[in-house]
Each structure stands twice: as structure tokens, then as C-alpha cells.
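Please read the points below with the model open beside you, and follow each one on the structure before moving to the next.

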Amino acid sequence: MPSTVPPALPDRVPVAACPLCGGREFTPVCRAAAHAVVRCAGCQLHLLNPQPSDAELVEIYHPHYSFFGAEPGAEACVSRVKQATAAHYLNLLAAAGVSGGSLLEIGCGDGDFLLQASRRNFPATGIDYSPHSCAKAQAKLGAAARIICGEISAVADRRESYDLCVACDVIEHVRQPADFLQTLHGLLRPNGRLFIVTPDLDSLAAKLLRSRWPEFKAEHMYYYTPRTLRRQLAQAGFTDIRLLGGTKMLSVDYVTRHFITYPVSGLTPVLRLLRALLPASWGQYPWLIPAGGMIALARKPGPVGH
Ligand SMILES: [Zn+2]
């Protein structure tokens, strides 16, 4: 039976209306780390409801969040994989005719994507809310990119505009994705492009693992399918929406660290064993694999008649 909005736990943030269809009926689906994953009865968008409190999120986003803890070698492992993935994304953009222009990356983390982009003719700006990550990104990039520390409003307030906005693994983390996409739309020049990566609820991994899908977690507040993401993008004013296969570069070392941090019974021990058996260089080699995510490329319409 569909239920109405669940009662808010202390400091948790109830979602009264679906950001995609405005619906107010949500059906329970499963639990994710003591949070309720629900489905909008109107449009099937999945979300956490209520959302975690700000205090819970601060606890999750500790300085080593991106590195699966502070294990030796973790940072280098993640950086290698992220730069390989960045090069792959830039190849996809080039294949779609996007090979230069001013670029804004939202959630730039430690700057691995920006580093690759700055080497490919993109004057780059990055924004991240984490001072720890911003300091690392600036040290990595030097004069090759501008790093702004803060929320996306810090960029919007500058009244600048960009040819390309990139948000990899970000939209599922924001409290209000409709507002987020509208802000990005406002930051783009006419005919500017948006490149988004997010987990795909229709992916094989999600279907096989069901409630054990590792993307179900407290800090992921929204779970899109190609259909719901396309609709959310169109609603924000984007056009020419293309969904590309959700491939990422991943190494055995990276995947093992991921599943140690987010254990899946039966899978984590196998990966640990595999990593132990492989020569270190093989474990670190980045492979292009389907990663349970999807990539969306969209355009802000130009002036009428163009
Ligand atoms: Zn809905």
C-alpha cells in the first residue's frame, strides 16, 4: 500500500513532494544503512525519505571519504582510476563534438578530472564544498585551473557562464536535484552542454543485487533510471538528451577497496582473495567496465532559430 510521507526522525529531512512529478505518495522499497528507500507512486523515482540530517552527512563526508578510508596506497589508487575515467569521459565528449571551451566541474574533489580536462584545451573551473579536497585540487593543478570552495551558489553568484558543466556522481547526493539542474542550466551559455554521471537503478548490478546494491547508501538521496533522469533533465530545460552507456575505468584494487568499505556478503571476500593473488601492477591496471552507472549528455537550447 502506498504510504504518505513517513514521520521525520529527529533532524532528518522529510521530502514532502517528489522533485520530478510533485507526487506526495511514496511506497517503501528497502532499507539503506538505516534509511528508507521509497518509490514515488507517481513517477517511480526512488529516493531516501526522510533524507539524512546535515549532521549525519557531515559524519559521512569525512576528509578521507573519497579514498575508502586512510589505508596505505588508497589515495594513489583512487587518483589513478579517476584520471583514467576522466580521460574516458573526455573521449566520449570529444566523440560528441565537445572538445574545448570553458568548463565548470561541480564536485571536483581532488581535481583528477580537471587535470585531464586542462590538458585538453578546456579552461577549467572546479567547485567543491570540501576545503580538504579544494586544497588538494589546487595543489595538483596549480595555475591550470581555478578552484572555488563552497556550495554551487558560490559559482552562481559570480554571474559567469560556461560552455560545459560536468557533475560526475553528484546529482544523487544533492537534496534538491530539480533546483540543482536548474542552477546548472543557468550557468551554461546557450548551446552549452551538460555532462552528468549517476548510478543507474536499471543497471544489471542494481537488478541482480536488489536491496544489496552498493549504491543504496545514506549519502545517495536519489536513484535515477534512464527514464527518470531524462525526464528530470527535460524538466530543467535541457534538450538533445543522450544517455550513454555507464562505463567507468576501474581496477581490481579500486573495486576491492570499494567493497571493503561497502561490504557485500559473498562478494567482498572473493575480491580480497583476487587482489591478493594478482601481481600488484595487474591489480592497479584500469579496465573499462560497465559500472552500474549511466552518463547523460544534454544541451541548453540556443536562441530560437539557431
Ligand atoms: Zn514522482
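1. Two strands are said to pair if DSSP finds at least two bridges between them. By that rule strand 7 and strand 8 are partners, since six bridges join them, and the two strands run parallel. One of the residue pairs to look for is valine 166 with its bridge partner in strand 8, phenylalanine 195. Please keep in mind throughout that this is a predicted model.

2. Strand 8 deserves a second look for its surroundings, because nine of its 12 residues are buried and it is therefore largely enclosed by the rest of the structure. Asparagine 191, which lies in strand 8, is partly exposed, with a relative accessible area of 36%. The backbone of asparagine 191 should also be checked, for its phi is near 70 degrees, a positive value in a residue other than glycine.

3. A separate group of strands forms an open sheet of four, in the order 1-2-3-9, with antiparallel pairing. Which strands are at the edges of this sheet? They are strand 1 and strand 9, each of which pairs on one side only. In general, strands of a sheet pair through backbone hydrogen bonds, either parallel or antiparallel.

4. Within this sheet, strand 1 and strand 2 (residues 35-40) run antiparallel and are joined by six bridges, and cysteine 30 has valine 37 of strand 2 as its bridge partner. On the other side of the pairing scheme, three bridges join strand 2 to strand 3 (residues 46-48), again in antiparallel fashion, with arginine 39 matched to histidine 46 in strand 3.

5. The turn that links strand 1 and strand 2 should be inspected closely, since the two strands form a hairpin with two residues between them, and alanine 33 in the turn has a positive phi of about 50 degrees. Alanine 34 lies in the loop between the two strands as well, and has a positive phi of about 70 degrees although it is not a glycine. With a relative accessible area of 48%, alanine 34 is partly exposed.

6. Another backbone feature comes after strand 3, where a cis peptide bond joins asparagine 49 and proline 50, with omega at about 5 degrees. Proline 50 lies in the loop between strand 3 and helix 1 (54-60).

7. The second largest pocket has a volume of about 220 Å³, and its lining includes Val29, Cys30, His46, Leu201, Asp202 and Ser211. Strand 1 (26-32) and helix 7 (204-209) are the elements that give two or more residues to this lining. What is the chemical mix of the lining? Its residues divide into five nonpolar, three polar and three charged.

8. Serine 211, one of the residues lining that pocket, lies in the loop between helix 7 and strand 9 and counts as partly exposed at 46% relative accessibility. Leaving aside neighbours within four places in sequence, serine 211 is in contact with Cys30 and Phe216. Serine 211 and alanine 33 are 178 residues apart in sequence, and their C-alpha atoms are 11 Å apart in space.

9. Turning to the interior, the largest nonpolar core has 60 residues, and those with the most contacts inside it are Ile106, Phe180, Leu181, Leu194, Leu233 and Phe238. A second, separate core of 27 residues includes Cys108, Phe113, Leu114 and Leu164. Phenylalanine 238 touches, among others more than four places away in sequence, Leu181, Leu194, Leu233 and Arg299.

10. Two helices illustrate burial well enough to compare by eye. In helix 6 (residues 177-187), the buried residues include Phe180, Leu181 and Leu184, and what covers them includes strand 4 (103-106), strand 7 (162-168) and helix 8 (226-235). In helix 9 (residues 252-261), eight of the 10 residues are buried, so this helix is largely enclosed by the rest of the structure, and its cover includes helix 2 (74-95) and strand 11 (247-250).

11. Finally, valine 174, in the loop between strand 7 and helix 6, has a relative accessible area of 16% and is buried, because the cut-off is under 20%. Its contacts, leaving aside neighbours within four places in sequence, are Phe180, Met221 and Tyr222. The C-alpha atoms of valine 174 and methionine 221 are separated by 7.0 Å, although the two residues are 47 residues apart along the chain.

Conventions. Residues numbered from 1 in each chain as written. Predicted model: local features only at pLDDT ≥ 70, side-chain atom pairs only at ≥ 80, totals over all residues. Heavy atoms only, no water. 1 Å grid on protein atoms, 1.4 Å probe; cavity = no way out; pocket = protein on both sides within 12 Å on 5 of 7 lines; lining within 4 Å. Points joined across faces, edges and corners; volume = space filled by probe spheres on them. Nonpolar A, V, L, I, M, F, W, Y, C, P; charged D, E, K, R; others polar. Core = buried A, V, L, I, M, F, W, Y, C linked by side-chain atoms within 4.5 Å. Buried < 20%, exposed > 50% of the residue type's maximum accessible area, 1.4 Å probe, protein only. Contact = heavy atoms within 4.5 Å.
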